[in-house]
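These are my notebook entries on one protein model. I set down what I looked up, one topic at a time.

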Amino acid sequence: MKKAIVIGATGMVGTQLILLLIENEDYSEIVSLVRRKSGVSNPKLTEYIINFNEPETWKSYVTGDVLFSSLGTTMAQVKTKKAQYDVDFNYQFTVAKIAAKNGVSNYVLVSSAGANPTSKYFYLKMKGELEFAVQSLPFKKVIILKPGQLTGNRIQNRI
C-alpha cells in the first residue's frame with residue numbers, strides 16, 4: 001500500500017486527483033497540503049491547511065511514496081507576476097525539495113503544454129523552469145504531465 005502527498009488539491013485537477021486516489025486500492029493513505037479546505041472527506045485522506053511560506057511548520061507531513069503536484073494559480077487571482085511565481089514555482093519547488101530530502105521516491109508534476117525555460121512568455125517560461133528544476137532533484141522517478149487547456153467544473157470561473 002502506498003502513501004500519496006498532494007499539493008494543489010483544491011483546484012479542478014487536484015480535486016479530481018484526490019477522488020481518484022481515494023478510489024485507488026493501491027493507496028492506503030493520502031496527505032493533502034492545502035491553503036484552504038477542499039471539502040473532500042474520506043478516511044484515507046488527511047488534509048493539512050498550511051502556509052507554504054512557513055515550511056518548518058509542515059515539512060514533517062511530506063513523507064510517503066509519491067508527491068503529486070497540481071498547485072497553481074492565475075494572474076487574475078494574484079494580480080502580480082511575483083505572486084504567481086511564488087505559487088507556481090517557489091511553493092512547488094520548495095515542497096519537491098523537502099519531499100526529496102524526506103525520501104519520497106516519486107514525483108508527478110502537472111505542468112503545461114508549451115512549457116519551456118527559454119520561452120518569451122512568462123507563464124510558459126515559469127513552468128519550464130519548474131520542470132527543469134525538479135528534474136535536478138534526487139527522485140527515483142519524475143513524471144511531468146503537460147496538458148493543454150483544461151476544461152471542466154471549477155470553483156472559480158475562468159475565461
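What percentage of the 159 residues of the protein count as buried? I looked this up before anything else and recorded 42%. I note here that the model is a predicted one.

**Entry: overall form**

I listed the secondary structure and found four helices and six strands. Read from the N terminus, the elements follow the order β-α-β-β-β-α-α-β-α-β.

I then took the extent of the C-alpha trace, which spans about 45 × 35 × 30 Å along the principal axes. The radius of gyration is 15 Å, and this agrees with the value near 15 Å for a compact globule of 159 residues.

I also looked at how far apart in sequence the contacting residues lie. Among contacts with a separation of 6 or more, 65% join residues 24 or more positions apart.

**Entry: the pair α3 and α4**

Two packed helices are described by the angle between their axes and the distance between the axes. I looked up both for helix α3, residues 81-101, and helix α4, residues 122-135. Their axes come within 10 Å and cross at roughly 15°. Angles under 35 degrees count as roughly parallel, so I entered α3 as roughly parallel to α4. The hand of this crossing is right-handed.

Which residues make the contact? On the α3 side I wrote down K81, Q84, Y85, D88, F89, Q92, F93 and A96. On the α4 side the list is F122, Y123, M126, K127, E129, L130, A133 and V134. By character, the residues of this contact comprise 10 nonpolar, two polar and four charged.

**Entry: G14 and E23 in helix α1**

I turned to two residues of helix α1, namely G14 and E23. The helix covers residues 12-23.

Is G14 buried or exposed? Its relative accessible area is 1%, so I recorded G14 as buried. Leaving out residues up to four places away in sequence, G14 touches G8, A9 and S70. I also noted the spacing of G14 and F68, which are 54 residues apart in sequence and 8.7 Å apart C-alpha to C-alpha.

E23 has a relative accessibility of 62% and therefore counts as exposed. Its C-alpha atom is separated by 9.7 Å from that of K44, a residue 21 positions away along the chain.

**Entry: V108 in strand β5**

I located V108 in strand β5, residues 106-110. With a relative accessible area of 11%, V108 is buried; the cut-off for buried is under 20%.

What does V108 contact, leaving aside neighbours within four places in sequence? I listed V66, L67, F68, S69, I143 and L145. For L67 I also took the C-alpha separation from V108, which is 6.1 Å across 41 residues of chain.

**Entry: K59 and K79 in loops**

Where is K59 placed? I found K59 in the loop between β3, residues 45-49, and β4, residues 66-69. Its relative accessible area of 33% makes K59 partly exposed. Apart from neighbours within four places in sequence, K59 is in contact with I98 and N102. The C-alpha atoms of K59 and T94 are 9.6 Å apart, with their positions 35 residues apart in sequence.

K79 is found in the loop between α2, residues 75-78, and α3. I noted its backbone angle: phi of K79 is near 80°, a positive value in a residue other than glycine. At 62% relative accessibility, K79 counts as exposed.

Conventions:
Residues are numbered from 1 along each chain as its sequence is written. This is a predicted model: local features need pLDDT of at least 70, side-chain atom pairs count only at pLDDT 80 or more; totals for chains, interfaces and linings use all residues. Side-chain values use heavy atoms; hydrogens and water are left out. Axes are lines fitted to C-alpha atoms, for helices over the stretch in contact, and angles run from 0 to 180 degrees between N-to-C directions. Angles under 35 degrees count as roughly parallel, over 145 as roughly antiparallel, 65 to 115 as roughly perpendicular and the rest as oblique. A crossing is left-handed if the near helix is turned anticlockwise from the far one by less than a right angle, and right-handed if clockwise. Contact means heavy atoms within 4.5 Å. Ala, Val, Leu, Ile, Met, Phe, Trp, Tyr, Cys and Pro count as nonpolar, Asp, Glu, Lys and Arg as charged, and the others, Gly among them, as polar. The radius of gyration is taken over C-alpha atoms; the globule rule is 2.2 Å times the number of residues to the power 0.38. Buried means under 20% relative accessible area, exposed over 50%, partly exposed in between (1.4 Å probe, protein chains only).
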